[in-house]
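Work through the exercises below with the sequence and the coordinates at hand. Each task is followed by a solution in steps.

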Amino acid sequence: MNNTAAFACLDSILQSRDISLIDSITVLGYASPDGPASANERVAAARAQSVKAYITASYPISPERIKTRSMGENIEGLRILVAADAHMPQQAAVLKMIDNGVRGDMLEARLKAIDNGFVFRYVITKMSKHLRSASVCTVWMRTEPAVQQEAAQELTTQPDVPGQQADSTAVADVAIADCVAVIPETPSPDTLAVAISDDTAISAPDSLPLENAKLRIKYPLLGIKTNALYDLAMMPNLELEYYFADRWSVNGEYQVAWWRFPSSDSFYQIQMGGPELRWWLTPGGKYTGHNFGVYASVGVYDLKKGDTGYQSDGFWSAGVSWNYVMPVKRNFFLEFGIGAGYVHTRYDEYFRNYRLGHHYDYIRTRQTSYLGVTKLKAGLVWRIGKKTKAE
């Protein structure tokens with residue numbers, strides 16, 4: 001409902017009754033649960049004051065007869081939306097927190113801690129706009145025969161979240177409750193956004209309008225990584241991971257150590273790399289926690305210590321992997337993993353001929369295979385870039 005229609009509805013309610021019979025009006029202000037709790041208290045109070053200002057500017061009602069109160073964050077409304085949304089991630093955990101009395105900044109912090117902030121972003125994107133109902137206005141009328149038979153009428157926020165039930169302790173015999181939702185945080189009579197419906201009870205709608213809304217959340221595009229264990233082994237390395245679909249990513253790695261030690265006539269030369277396809281256990285494009293992968297790699301090496309060396313023009317490996325990723329700070333993560341599979345290599349064995357100086361003589365060609373642990377990982381991940389998905 002637009003502002004004009006909403007105000008017309010509110011005006012029709014007040015104009016249809018004798019203003020002189022209004023005993024008092026109570027305005028309760030609410031705010032959505034995002035942001036500091038102290039700031040939300042002030043926002044809720046300001047919204048309630050805005051409704052009061054509109055009423056006093058439009059009707060001959062003394063400001064002293066209109067009481068305002070900040071109700072802070074609309075937690076009851078949040079619970080209704082969470083319980084009604086079949087697509088709500090970690091729904092049971094969020095409901096448990098609310099039911100256990102977690103409120104204010106602690107609630108926001110715990111929401112942010114779930115699934116690397118995905119649950120909090122979901123609430124902000126899909127629910128906060130439905131929780132910014134400015135106030136519940138309860139108009140208390142003095143008893144008069146013409147109105148004694150009228151039932152208490154409660155009008156709740158539409159299409160957002162319903163307002164809260166008015167206090168049942170009546171100043172007069174008849175209470176007419178009108179729920180008014182004010183969206184702007186600094187509203188004025190010209191821009192006041194009011195939404196009014198004709199519901200008579202607070203309940204979760206059968207299907208929330210937000211169910212059909214597209215949730216658009218930014219996800220990482222690329223991860224730049226290094227394996228600290230390879231670094232300790234004097235093997236510089238670089239990995240790139242592309243997050244191409246929910247629960248899916250592809251990782252590419254490259255390692256090279258091309259060292260020669262003339263004093264001991266030793267070689268430590270390895271060059272290898274390959275792709276790895278990963279499937280993540282946690283949905284929602286967060287790419288944290290456990291993932292499982294299949295990988296393949298190829299490489300070459302020349303290794304010599306002492307008189308005998310081993311040189312291969314090519315080896316290959318394939319297997320499976322398990323990895324665990326945990327957030328550190330914002331775009332930085334720690335990754336731990338292990339891989340197991342099959343390695344096959346064909347190599348030439350050689351030795352140094354000291355009679356000819358720096359000359360190496362071929363001995364024979366051999367091949368060998370290995371089945372077992374093939375790689376270990378403990379590294380740092382830096383995620384860059386953003387892409388937006390509609391959920």
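Helices (H or I, at least four residues) and strands (E, at least two) are DSSP runs, numbered from the N terminus. The model is predicted: local features need pLDDT of at least 70, side-chain atom pairs count only at pLDDT 80 or more, and totals for chains, interfaces and linings use all residues. Residues are numbered from 1 along each chain as its sequence is written, and side-chain values use heavy atoms, with hydrogens and water left out.

**Exercise 1. Place Asn40 and describe its surroundings.**

Step 1. Asn40 belongs to helix α2, which covers residues 37–58.

Step 2. Buried means under 20% relative accessible area, exposed over 50%, and partly exposed in between (1.4 Å probe, protein chains only). Asn40 has a relative accessible area of 7%, so it is buried.

Step 3. Contact means heavy atoms within 4.5 Å. With neighbours within four places in sequence left aside, Asn40 touches Ala31, Ser32, Pro33, Asp34 and Gly35, and also Gly72 and Glu73.

**Exercise 2. Characterise the chain as a whole, including the confidence of the model.**

Step 1. The chain holds 9 helices and 14 strands. Of its 391 residues, 46% count as buried.

Step 2. Among contacts between residues at least 6 apart in sequence, 68% join residues at least 24 apart.

Step 3. The exposed area is about 19,500 Å², and carbon and sulfur atoms supply 58% of it. Accessible areas come from the Shrake-Rupley method with a 1.4 Å probe; for residues, only the protein chains shown count as cover.

Step 4. pLDDT is the predictor's confidence in each residue, from 0 to 100. Its average over the chain is 77, and 75% of the residues score at least 70. Over residues 145–215 pLDDT stays under 50, and for this stretch the model has 177 contacts beyond four places in sequence.

**Exercise 3. Which residues of helix α4 are buried, and what covers them?**

Step 1. In α4 (residues 91–99), the buried residues are Val94, Leu95, Met97 and Ile98.

Step 2. Seen down the axis of α4, these residues fall within an arc of 160°, so they line one face of the helix. The arc is that of the directions from the helix axis to the C-beta atoms.

Step 3. Ala92 and Lys96 are exposed, on the face turned away from the buried side of α4.

Step 4. The cover over the buried residues includes α3 (75–84), α5 (104–113) and α6 (118–126).

Step 5. Gly101 follows α4 and has a positive phi, near 85°.

**Exercise 4. Find the largest nonpolar core and the helices that supply it.**

Step 1. A nonpolar core is a set of buried Ala, Val, Leu, Ile, Met, Phe, Trp, Tyr and Cys residues joined through side-chain atoms within 4.5 Å.

Step 2. The largest such core has 19 residues, and those with the most contacts inside it are Leu78, Met88, Val94 and Met127. At least two residues of this core come from each of α3, α4, α5 and α6.

Step 3. Beyond four places in sequence, Leu78 is in contact with Pro33, Ile98, Leu107, Val123, Met127 and Leu131.

Step 4. A second, separate core has 15 residues, including Ile25, Val27, Ala48 and Met141.

**Exercise 5. Trace the strand pairing from β10 to β13.**

Step 1. Two strands pair if DSSP finds at least two bridges between them. β10 (residues 266–280) and β11 are antiparallel, with 12 bridges; in this pair, Leu277 has Val294 of β11 as its bridge partner.

Step 2. β11 (residues 289–304) is joined to β12 (residues 308–329) by 15 bridges, again antiparallel. Asn291 stands opposite Asn323 of β12, and Gly293 opposite Ser321. The hairpin has 3 residues between the strands, and Gly306 takes a positive phi near 90°.

Step 3. β12 and β13 (residues 332–353) run antiparallel with 19 bridges. Thr308 is the bridge partner of Phe351 in β13. This hairpin has 2 residues between its strands, and Arg330 in the turn has a positive phi of about 50°.

**Exercise 6. Where do Gln90 and Arg247 lie, and how accessible are they?**

Step 1. Most residues other than glycine have a negative phi. Gln90 is not a glycine, yet its phi is positive, about 50°; for Arg247, also not a glycine, phi is about 75°.

Step 2. Gln90 sits in the loop between α3 and α4 and is partly exposed, at 38% relative accessibility.

Step 3. Arg247 sits in the loop between β8 (237–245) and β9 (248–261) and is partly exposed, at 26%.
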